[in-house]
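Please look over the sequence and the structure shown below. The explanation after it takes up one residue and one pair of helices.

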Amino acid sequence: NTAIAMRKLSFPYVTIETGRAGTLRNVTCVEDAFELLTLYWPKQYRGVRWSIAHQACIDATSRKASAASVQRAFIEAAKEAGIYFNQEKSSVKI
């Protein structure tokens, strides 16, 4: 099961705004990132960076990408969508 495999791939949290402005969510693993990208991402921001982040999640489940690379791609997609807020201080710098 892909979702079970993703659950084990944690990374330092990334905080994004969801829904209404001011509502924050911490994304802490590949599974969270995949769920947001697939089910909740604003359709108008499903561009190149979204595609890269989405594919990184898929690749991470088959060990073709690391959780850190998913985190970096997710941050870039969130910045592009204008929903990026913050990240854990110990997270990977991009």
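What follows starts with a tyrosine in a strand and then turns to two helices that pack together. The model is predicted.

Tyr84 belongs to strand S3, which covers residues 84-87. Is Tyr84 buried or exposed? Its relative accessible area is 24%, and because buried means under 20% and exposed over 50%, Tyr84 is classed as partly exposed. Within the strand, the side chain of Tyr84 makes a polar contact of 2.6 Å with the side chain of Gln87.

Beyond its neighbours within four places in sequence, Tyr84 touches two stretches of the chain: Val14, Thr15 and Ile16 are contacts, and so are Ile75, Ala78 and Lys79. Val14 is 70 residues away from Tyr84 along the chain, yet their C-alpha atoms are separated by 8.0 Å.

The second part concerns helix H2, residues 30-40, and helix H3, residues 48-61. Their axes come within 10 Å and cross at roughly 140°. Why is H2 oblique to H3 rather than roughly antiparallel? Angles over 145 degrees count as roughly antiparallel, so the crossing at roughly 140° makes H2 oblique to H3. The crossing is left-handed.

On the H2 side, the residues that meet H3 are Val30, Ala33, Phe34, Leu37 and Thr38. On the H3 side, Trp50, Ala53, His54, Cys57, Ile58 and Ala60 take part. By class, this contact has nine nonpolar and two polar residues, and no charged ones. Because Thr and His are not among the residues that count as nonpolar or charged, Thr38 and His54 are the two polar residues.

Conventions. Residues numbered from 1 in each chain as written. Predicted model: local features only at pLDDT ≥ 70, side-chain atom pairs only at ≥ 80, totals over all residues. Heavy atoms only, no water. Helix = DSSP H or I, 4+ residues; strand = E, 2+ residues; numbered from the N terminus. Buried < 20%, exposed > 50% of the residue type's maximum accessible area, 1.4 Å probe, protein only. Contact = heavy atoms within 4.5 Å. Polar contact = N/O pair within 3.5 Å; in protein donor to acceptor, adjacent residues only side chain to side chain. Axes fitted to C-alpha atoms, helices over the stretch in contact; angles between N-to-C directions. Parallel < 35°, antiparallel > 145°, perpendicular 65-115°, else oblique. Left-handed = near helix turned anticlockwise from the far one by under 90°.
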